[in-house]
Amino acid sequence: MDLDSWRALQAAQQPEWPDPDELEKVVAELGGLPPLVFAGECDQLKDQLAAVARGEAFVLQGGDCAETFTGATADNVRNKLKTLLQMAIVLTYAGRVPVVKIGRVAGQFAKPRSKPTEVRDGVELPAYRGDMVNGFDFTPEARRPDPWRLLKAYHSSAVTLNLARAFTKGGYADLRQVHAWNQDFVAGSPSGRRYEQLAREIDQALAFMRACGAEPEEFHTVEFYSSHEALILDYDRALTRIDSRTGLPYDVSAHMVWIGERTRQLDGAHVDFFAKIRNPIGVKLGPSTTADDALALIEKLNPANEAGRLTFITRFGASKIRDLLPGLVKEITASGARVAWICDPMHGNTFETPSGHKTRRVDDVLDEVAGFFEVHRALGTHPGGIHIEFTGDDVTECLGGGHEINEADLATRYETACDPRLNRVQSLDLAFRVAELYRG
Ligand code: PEP
Ligand code: CO
């Protein structure tokens with residue numbers, strides 16, 4: 001199998017590295033480094049996503065739009081995990097469904113951009129493409145693509161994943177900690193209080209089970225998986241290894257990788273590369289997607305029709321999902337293709353305020369999720385999960401939600417390196433809403 005056939009094809013959204021020799025050195029070094037995840041873990045996630053495709057489990061996938069190297073701190077990673085764990089427990093308990101937890105973490109360092117350059121006050125510089133490529137500061141030095149950043153991205157991912165594994169396996173994710181995850185600014189919010197009530201109920205259920213002599217291992221740790229958009233193919237290719245058990249190639253930089261809306265060209269390099277790796281994979285589908293496009297992607301990316309291999313992440317926008325999703329789901333279901341459907345209610349709902357902040361309305365996010373459930377319920381298909389951009393901190397990047405953030409508030413704590421993220425309270429609100437929708 002030729003893992004490099006993508007090199008002859010058009011690869012959208014790749015940086016123009018100033019010095020190809022430097023890139024080669026970095027890629028050689030990356031190629032000798034240990035895997036970040038094991039192929040067997042990728043298979044395990046694929047099995048869980050197969051359950052999602054069958055309608056037996058729900059995906060919660062989320063994290064920053066763009067991780068940064070300076071953001072790989074213990075506090076930051078813990079707060080994100082805490083948010084994900086709180087959301088997952090709400091969905092599991094109130095939604096009564098097993099939740100597959102996937103972070104947009106430990107590798108989400110590269111961004112596709114709508115324009116290759118950015119102009120400020122008449123000065124034009126290359127656009128910021130994520131810490132894996134160049135720097136966020138608006139200076140010629142920072143914006144120059146530097147291939148050594150690929151290596152830094154690997155190490156930053158390793159640190160983050162190590163911490164995430166320690167948190168999820170070392171006692172922090174133990175169900176007896178349900179209250180501890182709620183102890184900070186979130187506790188005073190309406191959804192924080194609602195969560196506290198739910199946590200008390202869980203406590204009682206646990207006490208009852210313990211009294212019955214039941215204390216299953218599942219209560220003490222959680223399975224947590226990593227994912228990112230595999231955008232910079234030199235990076236993901238360098239971290240693709242042949243699995244010694246099966247002789248098959250896996251991208252061992254993350255458990256799951258996805259193809260973005262801007263790089264899913266059927267005859268493009270990304271689709272070719274993804275067809276070769278054996279990880280569970282996702283493809284983002286925007287409003288221009290036709291059923292034929294989606295069927296052709298299935299043909300290329302999952303010719304054996306394995307459940308769990310392919311997840312479609314739809315991101316149509318709240319105003320379009322009810323019109324555009326039904327046709328797609330109908331035709332794909334009729335074809336017999338096994339896919340999991342999950343909803344990204346973020347990327348179709350972004351706009352810029354007069355103050356120049358990229359933002360999203362929480363109401364639009366909730367409305368797109370509601371539309372996603374309506375469409376799948378009407379067709380008898382399974383609304384398989386959500387894919388969101390959030391942070392564990394008290395930022396002010398999305399409008400509305402529990403603390404009613406308005407346009408004037410945006411500047412208070414606008415910290416994202418790319419798209420606006422839901423803050424902790426907004427994320428928890430969303431989890432309660434999704435749990436209600438799931439139970440119907
Ligand atoms: C993203 O997930 O941050 C992103 C760029 O999404 P999309 O490919 O759907 O535009
Ligand atoms: Co984004």
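Buried means under 20% relative accessible area, with exposed over 50% and partly exposed in between; the exercises below apply this to a predicted model.

**Exercise 1.** Determine which parts of the chain the salt bridge between lysine 284 and aspartate 344 links, and whether its two residues are buried or exposed.

*Solution.* Begin with the contact itself, in which the closest N and O atoms of lysine 284 and aspartate 344 are 2.9 Å apart. Next, place the two residues: lysine 284 belongs to strand E9 (residues 281-285), while aspartate 344 is in the loop between strand E11 (340-343) and strand E12 (351-352), so that the pair links distant parts of the chain, 60 residues apart. Finally, lysine 284 and aspartate 344 are both buried.

**Exercise 2.** Classify each partner of the salt bridge between lysine 358 and aspartate 419 by its accessibility, and find the network to which they belong.

*Solution.* The closest N and O atoms of lysine 358 and aspartate 419 are 2.6 Å apart. Lysine 358 lies in strand E13 (residues 358-359) and aspartate 419 in the loop between strand E14 (385-389) and H12, with 61 residues separating them in the chain. Because its relative accessibility is 27%, lysine 358 counts as partly exposed, whereas aspartate 419, with a relative accessible area of 7%, is buried. Both residues take part in a network of salt bridges that also links Arg104, Arg360 and Glu389.

**Exercise 3.** Work out the geometry of the aromatic pair formed by phenylalanine 373 and tyrosine 438, and describe its surroundings.

*Solution.* The whole structure contains nine aromatic pairs. In the pair considered here, the ring centres of phenylalanine 373 and tyrosine 438 are 6.3 Å apart and the planes stand at 85°, so the arrangement is edge-to-face, given that planes over 60 degrees apart count as such. Phenylalanine 373 is in helix H11 (residues 362-379) and tyrosine 438 in helix H12 (residues 424-439), and the pair therefore ties together parts that are 65 residues apart in sequence. Phenylalanine 373 and tyrosine 438 are both buried, and together with Phe58 and Phe372 they form one aromatic cluster. In addition, the charged end of arginine 377 sits over the ring of tyrosine 438, at 5.5 Å from its centre.

**Exercise 4.** Describe how strands E3 and E4 are joined, and state which residue in their hairpin takes a positive phi.

*Solution.* Strand E3 (residues 117-120) and strand E4 (residues 123-126) run antiparallel and are joined by four bridges, with threonine 117 standing opposite proline 126 in E4. Two residues lie between the strands of this hairpin, where aspartate 121 takes a positive phi near 45°.

Definitions and conventions. Residues are numbered from 1 along each chain as its sequence is written. Chains are lettered from A and ligands numbered from 1 in the order in which they are written. This is a predicted model: local features need pLDDT of at least 70, side-chain atom pairs count only at pLDDT 80 or more; totals for chains, interfaces and linings use all residues. Side-chain values use heavy atoms; hydrogens and water are left out. Two strands pair if DSSP finds at least two bridges between them. Rings of Phe, Tyr and Trp (its six-membered ring) pair if their centres lie within 6.5 Å; planes under 30 degrees apart count as stacked, over 60 as edge-to-face and the rest as tilted. Buried means under 20% relative accessible area, exposed over 50%, partly exposed in between (1.4 Å probe, protein chains only). A charge sits over a ring if NZ of Lys or CZ of Arg is within 6 Å of the ring centre and within 35 degrees of the ring normal. A salt bridge is a side-chain nitrogen of Lys or Arg within 4 Å of a carboxyl oxygen of Asp or Glu.
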